[in-house]
Amino acid sequence: MSSEIDAIRQAVLDGVRGEDLAALPVPEAARGALVRASEQEMFDGLPSEEKDPRKSVHVEEFPIPELAPDEALVAVMASSINFNTVWTSIFEPLPTFAFLKRLGRESVWGARHDQPFHVMGSDAAGVILRTGSAIRMWRPGDEVTIHCNYVDDQDPSAHDDSMLASNQRIWGFESNYGGLAELTVVKANQLMPKPRQLTWEEAAVNALTNSTSYRMIVSPNGAQMTQDQVVLIWGASGGIGAYACQYVLNGGGIPVGVVSNPQRAAVLREMGVEHVIDRKAEGYRFWGDDGRQDQAEWRRFGKKIRELVGRDPDIVFEHPGRQTMGASVFVCKRGGMVITCAATSGYTIEYDNRYLWMNLKTIKGSHFANYREAYAANQLVAEGRIQPTLSKTFTLDETGEAAYEVHHNRHEGKLGVLCLAPEPGLGVSDPQRREELLPKITLFRRHQD
Ligand code: NAP
């Protein structure tokens, strides 16, 4: 760590005033977790599970770019691993340098992103160090979390639902200078207030997955769940699934959570999810050895859901993709909705269309969240009505290891990464509220022990 970065870190830990933070020199370089363009072919020909983030992710210095007028420079206290960190680090489905090149062609400011390195990370909690000349609502010293919807608001298409903007990107995945670093560069319209009862690492894990699940379950842009609806949630203790469960419970719905081991089922039960299916214990095999889907297995799965809740799911929260989509479309209620934001197990999907059209079902695509949705989701965390799902914390140097765990489905909830925070447990500014919420805040960590 350079002496300038150390001074910034110490100032944040000492709680110095914003104007004093703003007076500290900004270093020319900072350390970050990055992949190198020169290595983007290193895994060519290997099966996905053998592509190892521990080999491709390097934690090293990168030059800090000049700040655009609508940007803030943030001292990152903590960040998190998302599945897009895995995608970047294994160069799938394509190396992210293609995204940086495209951004680089757009404008002078965009050109800063087209580098032979890609600093990853689409989540962060930290403190603003500098603001560009056009920023009105934020100041140095503000404690923030950062959402990853990266939109150029000069484009007219960004002014209804910004997720529909033709230039919409995910920060730290389709842009450079992401959150897994000591310093990050973000647009002002990515900033949100840090929840005061949370530590840096607890505050850092929410924005990407929490906002995604908010849009999918709550928002009119998603399924807009109503009271008493049954929602089938795949990967219910995972990054997006564990927030989806909380939204269904908060909104008076009935979650049916699918997981793959008894420990995960136990976390969900403590959260209040009454109906849990252990897919491994049940031994579902939706795809046969002949490479075709087995409709008898879809039926067995649907029967299990009916046994548990007495009816078919109104909404299916879908993201595993190829392995599960056929079953998801089949079990969804007549007139119901399968809402999907991913295809982790394969994006070429097969389902039996007769079950879709004859039963008037809808498949709806969803992607991250606009600023309003992300802000609302962050506000619910700040009010203690949605809890972080942090299960384990790594150091910045261990980013490759943490991404490896997510790649191999060995983690629960979310994994945090300490960037400038020297240890876990720091950053709480409302200890009384924290005390009231503590068992809920630490749910996922308690089940790790
Ligand atoms: P995660 O933390 O790895 O959780 C995924 C969960 O899916 C796992 O906990 C696992 O649960 C389950 N799963 C894995 N393989 C499965 C299979 N073959 N069949 C059924 N379930 C399976 O990841 P995440 O953060 O929740 O993200 C999930 C996906 O959504 C990723 O592809 C990610 O890139 C994507 N995503 C998209 C957006 C967007 O805005 N479009 C936002 C966030 C995430 P069990 O093994 O316990 O069943």
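Biologist: Where is Pro93 placed?
Modeller: Pro93 sits in the loop between helix 4 and helix 5; helices (H or I, at least four residues) and strands (E, at least two) are DSSP runs, numbered from the N terminus. This is a predicted model, in which local features need pLDDT of at least 70, side-chain atom pairs count only at pLDDT 80 or more, and totals for chains, interfaces and linings use all residues. Residues are numbered from 1 along each chain as its sequence is written, and side-chain values use heavy atoms, with hydrogens and water left out.

Biologist: What joins Glu92 and Pro93?
Modeller: A cis peptide bond, with omega at about -10°. Phe91 lies in that loop between helix 4 and helix 5 too, and its phi is near 60°, a positive value in a residue other than glycine.

Biologist: What makes a residue part of the surroundings of the ligand?
Modeller: One of its heavy atoms must lie within 4 Å of the molecule. On that basis 26 residues surround the ligand, and the closest are Ser260, Arg279, Thr344, Phe368 and His411.

Biologist: Why is the pair between Arg279 and the ligand called a polar contact?
Modeller: The term asks for a pair of N or O atoms within 3.5 Å; within protein, one must be able to donate a hydrogen and the other to accept it, and residues adjacent in sequence count only if both atoms are side-chain atoms. An N or O atom in the side chain of Arg279 is 2.7 Å from an oxygen atom of the ligand, so the pair qualifies. Arg264 also qualifies, because its side chain has an N or O atom 2.8 Å from a ligand oxygen. For Asn409, a polar side-chain atom lies 2.9 Å from an oxygen atom of the ligand.

Biologist: What share of the ligand does the protein cover?
Modeller: The protein covers 89% of the 910 Å² of accessible area that the ligand has on its own. Such areas come from the Shrake-Rupley method with a 1.4 Å probe; for residues, only the protein chains shown count as cover.

Biologist: Which elements give two or more residues to the shell around the ligand?
Modeller: Helix 4 (83-90) and helix 8 (207-217) do. The largest share, 3 residues, comes from helix 8.

Biologist: How many residues of the shell are nonpolar, polar and charged?
Modeller: The shell holds 10 nonpolar, 14 polar and 2 charged residues. Ala, Val, Leu, Ile, Met, Phe, Trp, Tyr, Cys and Pro count as nonpolar, Asp, Glu, Lys and Arg as charged, and the others, Gly among them, as polar.

Biologist: How do you know that strand 14 and strand 15 pair?
Modeller: Two strands pair if DSSP finds at least two bridges between them. Strand 14 (residues 315-318) and strand 15 (residues 337-340) have 4 bridges, so they pair, in the parallel sense. Phe317 has Ile339 in strand 15 as its bridge partner.

Biologist: What is the order of the open sheet of 6 strands?
Modeller: The order is 13-12-11-14-15-16, with parallel pairing. Strand 13 (275-278) and strand 16 (362-365) are the edge strands, since each pairs on one side only. Neighbouring strands are turned by 20° against each other on average, direction ignored.

Biologist: What does helix 8 lie across?
Modeller: Helix 8 lies across strand 11 (230-233), strand 14 and strand 15, running at about 155° to strand 14. Contact means heavy atoms within 4.5 Å; axes are lines fitted to C-alpha atoms, for helices over the stretch in contact, and angles run from 0 to 180 degrees between N-to-C directions.

Biologist: Why do strand 2 and strand 4 stand at the edges?
Modeller: Their open sheet of 3 strands has the order 2-1-4, with antiparallel pairing. Strand 2 (58-63) and strand 4 (117-119) each have a single partner strand, so one side of each lacks a neighbour in the sheet. The average turn between neighbouring strands here is 60°, direction ignored.
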